[in-house]
Amino acid sequence: MLYGLSMSHSKRVRKKVCKLASITIRNLSFTYDGVAIPALKTINFSAAPGQIILISGNNGSGKSTLLACLAGIIPELTSGKLEGQIFFGGDDPDTKFREDATTLGVVLQDSDVYLLEEVYEELAFPLQNSGTNGPDLDKRIQEVASSLGLSRLLQRKIRSLSGGERQKVAIGAALICDAPILLLDEPVEQLDPLSAYNLFHTLRELAKNGKIILMCMHNPITAAPWADRILCFRNGELFEENLKFPEVTPAQFNHSKAWTFPTLLNQENSTLTEKVEHAVLEVRNLTYRYDKQSGIENITLKVKPQEILALTGPNGSGKSTLVKHFVGLLRPQAGKVFVDGVDTEKVPTWELAKQVGILFQNPDDQIFNATVLEEIAWSLVARGVPKREALTEARKLAADFELKSMLDKHPHDLNRSLRQLVALISVLITKPKMLILDEPTKMMDFELLKKVMTCLKNYRDQGGTILIVTHDMMLAKNYSDRVAFLDSGRLAGIGVYI
Ligand SMILES: Nc1ncnc2c1ncn2[C@@H]1O[C@H](COP(=O)(O)OP(=O)(O)OP(=O)(O)O)[C@@H](O)[C@H]1O
Ligand SMILES: [Mg+2]
């Protein structure tokens, strides 16, 4: 079985599961310190072994707070008023259950934090802590790595991995101890559709062996076919939902290559691509290799004026590597990069950044001011706009995105979707001629996504050009003019969604 985990391990766990795993939550409420409105309001539910429970709901509705309570982060690390009880495996509140690191496998929403440098070490650490060593340890690491497609990356430094590859490491570290309860907060946020499918498949197998899997997802559609139950948060309250998603079934996902590769496209042939006369962004025979296995190879691509080009492709296929060339963060090893017809070879990064607004894959990489207002205004100030004028413009744009009440907060005190939004607005405010956005909506619920994409469409209609990296095929279909697919560092196809 390609994605199943070993039976020897699961057998051992099954025993433990029968004895321990079940979750009962009674009248759980939580209010963060300094906030008037409770984040969780009298939550009641129980979960039995063998269930995958999907917890959906918009950004800020309470999903991550519930998971933090279950993981013990609330109240141990985050303070506030906590009421009600959580039981694991019986009627007595079992605090010891949580103290044993092998009983809960957790992926937090801010999962991009690692203890060690290399992938192998990161996966080994929880096992060593729980007393597994020697051949058993290695066997288990190889097993989990193979189920997540991480085998060839085990000796790599985590910081050199792509965003999706890093998220797989976080998931691997949660799965590695075969814990009977898995708490996963937005586990597929940065995974390509096929990797997400493979993960859901693996989780289904684990549930069959008795695990309880709680998964928070602001967009539940892709995971829904694998779930036994869907719970939905609205403003801190939890409702059982009987959502049906007839258009997406596991059987359909068996053909999920279709979601990743260019079969959905009415493809251009190379002559047509050559006929794009004036390209605003262009790479010609671009090659950049980190080593023999990874990088991009001989890519030729043109982005037309006033188009939204979606760039998609599996994790590690080279999307971020490609787009970094347009602002000089990487320089071609071979081939050429043109911005508005100008060969960028000798153009410094700061000069390119004036024309091309870029949003990095991790918004935290570009947030550094002390308040949301200053963060949004700073790129105007950096371009010589008087501070007062820049702040006025920042207030206006923030109001359009309902961020008015957040302006004095520290950006890192906002939740992730809002941090992503702030980083995006701070790029939009300079009205660059070209925008490069690396997975800008991955943290956003559907409402916010719609708002952001409508704004980007208006920007396009007023003359702007956008290259948007995304794993969201619905976004590519509904909002882009053309779609380009990268696969293993090469351009695998470009065309219009059928
Ligand atoms: N600094 C680096 N050193 C070595 N290899 C790297 C480095 N940065 C990226 N890579 C590798 O290059 C390949 C392409 O990475 P890139 O970040 O461009 O992928 P991506 O398509 O953006 O993936 P994702 O969808 O996960 O964001 C990956 O296999 C990655 O591990
Ligand atoms: Mg990337």
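How many bridges join β1 to strand β4, and in which sense do the two run? Eight bridges join them, and the strands are antiparallel. Strand β4 covers residues 80-88.

This is a predicted model: local features need pLDDT of at least 70, side-chain atom pairs count only at pLDDT 80 or more, and totals for chains, interfaces and linings use all residues. Residues are numbered from 1 along each chain as its sequence is written, while chains are lettered from A and ligands numbered from 1 in the order in which they are written.

## Strand pairing

Helices (H or I, at least four residues) and strands (E, at least two) are DSSP runs, numbered from the N terminus. Two strands pair if DSSP finds at least two bridges between them.

In β4, K81 is the bridge partner of T31. β1 also joins β2, through five bridges, and these two run antiparallel. There, I25 stands opposite F45 of β2.

Another antiparallel pair is formed by β11 (residues 281-289) and β12 (residues 295-303), with six bridges. A hairpin of five residues links β11 to β12. V283 faces L301 in β12.

## The loop after β1

D33 sits in the loop between β1 (23-32) and β2 (40-47). Its C-alpha atom is 7.2 Å from that of K81, although the two residues are 48 apart along the chain. D33 also touches S79 and G80, leaving out residues up to four places away in sequence. Contact here means that the C-beta atoms, placed from the backbone, lie within 7 Å.

## Burial

A residue is buried if 20 or more other C-beta atoms lie within 10 Å of its own, exposed if 12 or fewer, and partly exposed in between; C-beta atoms are placed from the backbone. The table applies this to four residues.

| Residue | Place | C-beta neighbours inside 10 Å | Class |
|---|---|---|---|
| D33 | loop between β1 and β2 | 8 | exposed |
| N235 | loop between β8 and β9 | 13 | partly exposed |
| E439 | loop between β17 and α17 | 24 | buried |
| R482 | strand β19 | 22 | buried |

## Backbone exceptions

N235 is not a glycine, yet its phi is positive, at about 50°. Its loop runs between β8 (229-234) and β9 (237-241). E439 is likewise not a glycine and has a positive phi of about 50°. E439 lies between β17 (434-438) and α17 (446-461).

The peptide bond joining I74 and P75 is cis, with omega about 10°. P75 belongs to helix α3 (residues 73-76).

## R482 and its contacts

R482 is in strand β19, residues 482-487. Setting aside neighbours within four places in sequence, R482 is in contact with E307, L309, I494, G495 and V496. R482 and L311 are 171 residues apart in sequence, but 8.8 Å apart in space, C-alpha to C-alpha.

## Around ligand 1

Which residues of the shell are closest to ligand 1? They are S162, G164, S294, S320 and T321, out of 20 that surround the ligand. A residue is near a molecule if its C-beta atom, placed from the backbone, lies within 6 Å of it. α7 (163-175) and α12 (319-324) each supply at least two shell residues.

By class, the shell has two nonpolar, 15 polar and three charged residues. Ala, Val, Leu, Ile, Met, Phe, Trp, Tyr, Cys and Pro count as nonpolar, Asp, Glu, Lys and Arg as charged, and the others, Gly among them, as polar.

Why does ligand 1 lie between domain 1 and domain 2? Because domain 1 (7-256) and domain 2 (261-497) both give residues to its shell. The domain bounds come from an automatic or database domain assignment.

Note on methods: Contact = placed C-beta atoms within 7 Å.
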